[in-house]
Amino acid sequence: MNLHVPGIVKLADYRAPDFLVDTVELHFELDAKRTVVRNRMTIRRSDTAAPDAPLRLDGHRMELVSFALNGETLGPNRLELDKEELTVAGVPDSFTVEVVTAIYPSTNKTAHGLFAMGGKLATQCEAEGFRQITYFPDRPDVPARYRVTLSGDKTLYPVLLSNGNPVASGDGPDGRHWVTWEDPFAKPSYIFAVMAGDFGVLTDSFVTKSGRTVALGIYADRDAIPQCRFAMDVVKRSLQWDEEVFGLEYDLDRYNIVALTDWAGAMENKGLNLFGLDGIVTDPETTTDGDYVIIERIVGHEQFHNWTGNRVTCRDWFQLSLKEGLTRLRDQLFIESKLGSGAWRIETVMALRRNQFPEDDGPAAHPIKPDAFASIDNFYTNTIYDKGAEVIRMMSALLGWPAFRKGFDLYIARHDGQAVTTEEFVKAMEDASGRDLTQFRRWYHQAGRPRIEAKGSYDAAAHRYTLNLTQTCRSMPDKPAPQPFHIPIATGLIARDGTALTFRSGDAPAASSTVLEMTEATQSFVFDDVASEPVPSLLRGFSAPVTILADLADDDLAVLMAYDPDPFARWDAAQTLAIRLIRAQAKVHSSGGAMSVPESFAGAFEATLRDATIDPLLKAQILSLPDEPVLSEGLATIDLDGHMAARNFLRHTLATRFKDDLLAIYRANTEDGHAYVPDLPSISRRRIKNVALDLLAALGTPDIADLCLNQVKTAGNMTDQFEALATLTHTDTPQRDEALAWFYERWKTNDIVINKWFNAQALSRAPGAVQRIIALESHPVMDMTNMARGLAFYGGFFRQNRVAFHDSSGAGYKFLADRLLMIDAMGRSSSHYLMPQINQWRRYDPRRQALMKAQLERIAATEGISKSLRENVTRTLAAPA
């Protein structure tokens with residue numbers, strides 16, 4: 001078995017480019033079978049290059065037709081060509097290159113470079129796709145100005161799009177036509193784009209704060225255009241929000257989006273974003289609340305990249321969070337401006353704990369600025385995006401918004417048009433605020449998540465409360481022991497009767513909340529003038545991506561759960577209470593004892609259930625019981641069977657005791673006859689109703705199964721339909737089969753909704769689910785080349801199904817290994833996306849460990865796998881016990 005990973009790239013080895021490209025003139029003779037690309041570049045030797053340094057251009061998966069230097073065609077004796085690179089020695093300091101390549105879009109299954117999909121042609125160049133189009137120094141620190149001419153059959157490709165602004169067009173011979181696009185701004189090759197096809201278009205315009213009119217267009221299949229209105233409105237809101245909140249004005253005369261039916265994801269190509277169709281179209285009948293929110297966030301995200309990623313880009317791929325973490329924070333703030341920053345902040349934290357925390361706890365742990373990789377595609381991770389956003393959010397909390405905004409403005413002003421590092425961003429924050437962020441920089445370089453133990457003591461005579469904090473972080477293999485992080489901990493004190501206590505901390509005036517700055521391994525904070533013994537409310541608003549282990553009794557947590565004015569702290573107390581209970585009862589189950597639910601927990605649950613004053617979204621979040629992987633966070637061993645048995649027991653007990661209350665909530669929030677609106681009050685009502693329905697389903701009774709089936713068939717919106725369908729998929733009932741058959745028949749002509757049908761079944765935890773899920777792959781409409789459908793099905797099972805994937809037969813593990821090898825053979829570098837669960841193999845019981853290890857070793861022993869897949873599998877197998 002070969003566990004060697006070739007081609008490791010290290011941050012420490014970074015060298016500035018030997019050659020810079022000033023201008024690129026591209027001419028595409030577009031054809032799905034064979035596209036010819038003529039590329040004329042003006043190139044100059046950089047100031048740091050050796051005088052005899054050869055020209056090296058990246059390129060693979062294409063045919064070199066010809067190569068000319070300063071107009072002279074060079075033969076094979078002057079060119080050194082291998083599978084990854086073209087090298088030319090003896091070049092002058094300034095010169096032109098003309099290179100002609102042929103590429104084959106219809107046989108390109110990598111979804112990078114230029115590919116054919118659904119009768120259209122499209123490009124995906126991030127991170128290293130441009131080298132599949134033409135020979136070029138394909139790295140983000142070589143920005144250039146592009147002029148692009150596209151020529152294609154006018155019937156097949158009536159729409160020809162690229163970056164920038166159209167400057168010329170005309171008809172050619174043989175039924176062809178052409179359009180020339182020019183981007184006035186230098187850009188890195190990874191945001192180059194070409195789109196061609198028979199598209200419909202929705203047009204609109206936006207007037208910037210300086211009075212310029214920007215032409216807006218969303219291109220998609222013609223029948224989808226009426227459903228693009230919401231996305232267009234989001235584009236306009238995001239452009240205005242960026243002006244108002246960050247002072248950034250859009251710079252081009254056009255802003256276009258292309259939505260491909262079978263594609264999945266989103267890409268910020270300068271002035272020409274690429275989306276999967278399900279990331280753009282909306283319809284109250286077929287779009288869920290979650291879909292509306294993610295569409296708003298991601299449409300905003302890609303537009304925000306125009307400045308944080310495009311105008312100011314990253315020097316190298318180790319700096320990926322410079323653009324992705326910052327832009328993720330910006331899309332979070334954008335959605336919070338619409339849905340609020342209280343209970344909605346919990347949604348962000350739930351996703352972080354579900355998706356990113358396991359990365360910190362497993363072999364794939366890496367800092368937001370990694371120091372080495374074999375394939376950059378493996379680092380488009382939740383750590384880079386979501387933890388990266390949390391690190392920048394912490395910076396904002398430490399500096400305060402005015403100083404943070406001043407630092408952001410300085411960063412943009414200093415580095416517009418440049419390719420820079422995270423250091424330039426932090427330095428701008430320091431220079432603007434006057435704060436020393438030396439220790440804070442450790443968040444960029446140290447992997448893992450700090451765990452903070454908190455213990456408090458109260459001196460009644462002195463009215464003084466002392467909070468003692470200790471931070472630790474696990475060491476990574478072959479890395480120095482982590483040093484203490486700089487951690488902002490938003491804190492308040494709550495009296496046991498639920499009132500907020502005021503206090504003095506240091507020289508600050510009396511207050512009821514403060515932000516503690518923890519910088520030492522062990523640190524004490526003193527609060528004076530505290531009227532009574534408090535319960536500490538820590539990490540309010542989730543002020544840092546850490547785990548708090550507070551020395552609080554269950555009664556203390558119940559106080560926070562009932563009274564804390566901070567929504568996150570209130571929810572987190574409820575989660576901690578439930579996690580404690582489930583873990584304790586899992587041990588009882590494993591020892592053969594009888595499980596039980598303490599009256600104190602049932603009482604706290606009942607109080608929340610019947611509290612008419614609580615925000616309905618927050619109530620839904622509190623009543624949602626924690627699940628894997630949160631239940632196993634921080635544990636050396638994942639007791640999956642015990643946790644699921646205890647969680648199911650708790651759900652059944654609560655549903656039995658509070659059936660009438662849950663039914664009352666369900667009925668009170670049913671929207672019979674109401675028009676669907678995706679606003680916060682409506683989203684909240686649907687959420688609490690469906691949380692109640694999910695708990696009721698734990699009863700396993702026919703009346704509740706009938707209630708779910710009725711909701712599937714009669715709901716006036718897709719949120720309620722899908723939630724009821726997903727709930728039924730966890731049951732082994734006739735109603736489940738009837739609902740699945742009805743849903744398919746109702747929506748079989750709508751590809752996006754049928755993706756949801758596959759996804760609901762991929763998430764099933766019902767007995768025997770793994771065999772049904774594997775068999776579902778052979779359904780007639782399951783198309784493995786359809787990226788959106790594959791994401792819904794494979795992503796749902798391999799990433800999100802925490803039960804059926806781990807079926808004791810090991811069938812889920814074999815299925816994953818088979819599909820990783822299949823996808824890898826297609827040239828798609830997405831293995832890291834499908835591996836978060838198997839990455840944790842050493843934390844499971846010995847039987848599951850052996851089954852997972854065997855499949856990982858089978859992959860590693862397969863000849864010819866990509867370095868991307870080999871890197872992921874090798875790292876996982878090498879994880880310490």
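1. A good place to start is the pair Glu628 and His643, whose side chains are joined by a polar contact of 2.7 Å. Glu628 also reaches the side chain of Ser632, with a polar contact of 2.9 Å. Please keep in mind that this is a predicted model.

2. Where does Glu628 lie? It sits in the loop between α12 (616–623) and α13 (640–657). Once its neighbours within four places in sequence are set aside, Glu628 is in contact with Ile638, Leu640, His643, Met644 and Arg802.

3. The charge on Glu628 deserves a look of its own. Glu628 is buried but has no salt bridge. Which side chain of opposite charge is nearest to Glu628? That is Arg843, and it is 6.8 Å away. A salt bridge needs a side-chain nitrogen of Lys or Arg within 4 Å of a carboxyl oxygen, so Arg843 at 6.8 Å does not supply one.

4. Moving on to α19, this helix covers residues 751–762 and has 12 residues. From first C-alpha to last, α19 reaches 17 Å, close to the 16 Å expected at 1.5 Å a residue. At its N-terminal end the cap is Asn750, with a side-chain oxygen 3.1 Å from the backbone nitrogen of Ile752.

5. Is α19 mostly covered or mostly open? Mostly covered: 10 of its 12 residues are buried. Among them are Val753, Ile754, Trp757 and Phe758, along with Asn755, Lys756, Asn759 and Gln761. If you want to trace the packing, the buried residues of α19 pack against α2 (289–304), α17 (718–729), α18 (734–747), α20 (769–776) and α21 (787–800).

6. Next, the aromatic side chains. The count comes to 41 aromatic pairs. One of them is Phe373 with Phe379, a tilted pair at 6.2 Å centre to centre and 50 degrees between the planes. Why do both rings count as buried? The cut-off is under 20% relative accessible area, and Phe373 has 6% while Phe379 has 4%, so each falls within the buried class.

7. Phe805 and Tyr813 offer an edge-to-face pair, with 5.2 Å centre to centre and 75 degrees between the planes. Both Phe805 and Tyr813 are buried.

8. Finally, a cluster that ties some of these points together. Phe805 and Tyr813 belong to one aromatic cluster with Tyr744, Trp757, Phe758, Phe793, Tyr794, Phe797, Phe798 and Phe815. Trp757 and Phe758 in that cluster are also buried residues of α19.

Definitions and conventions. Residues are numbered from 1 along each chain as its sequence is written. This is a predicted model: local features need pLDDT of at least 70, side-chain atom pairs count only at pLDDT 80 or more; totals for chains, interfaces and linings use all residues. Side-chain values use heavy atoms; hydrogens and water are left out. Helices (H or I, at least four residues) and strands (E, at least two) are DSSP runs, numbered from the N terminus. Buried means under 20% relative accessible area, exposed over 50%, partly exposed in between (1.4 Å probe, protein chains only). Lys and Arg count as positive and Asp and Glu as negative; His and the chain ends are not counted. A polar contact is a pair of N or O atoms within 3.5 Å; within protein, one must be able to donate a hydrogen and the other to accept it, and residues adjacent in sequence count only if both atoms are side-chain atoms. Contact means heavy atoms within 4.5 Å. The expected span of a helix is 1.5 Å times one less than its number of residues. Rings of Phe, Tyr and Trp (its six-membered ring) pair if their centres lie within 6.5 Å; planes under 30 degrees apart count as stacked, over 60 as edge-to-face and the rest as tilted.
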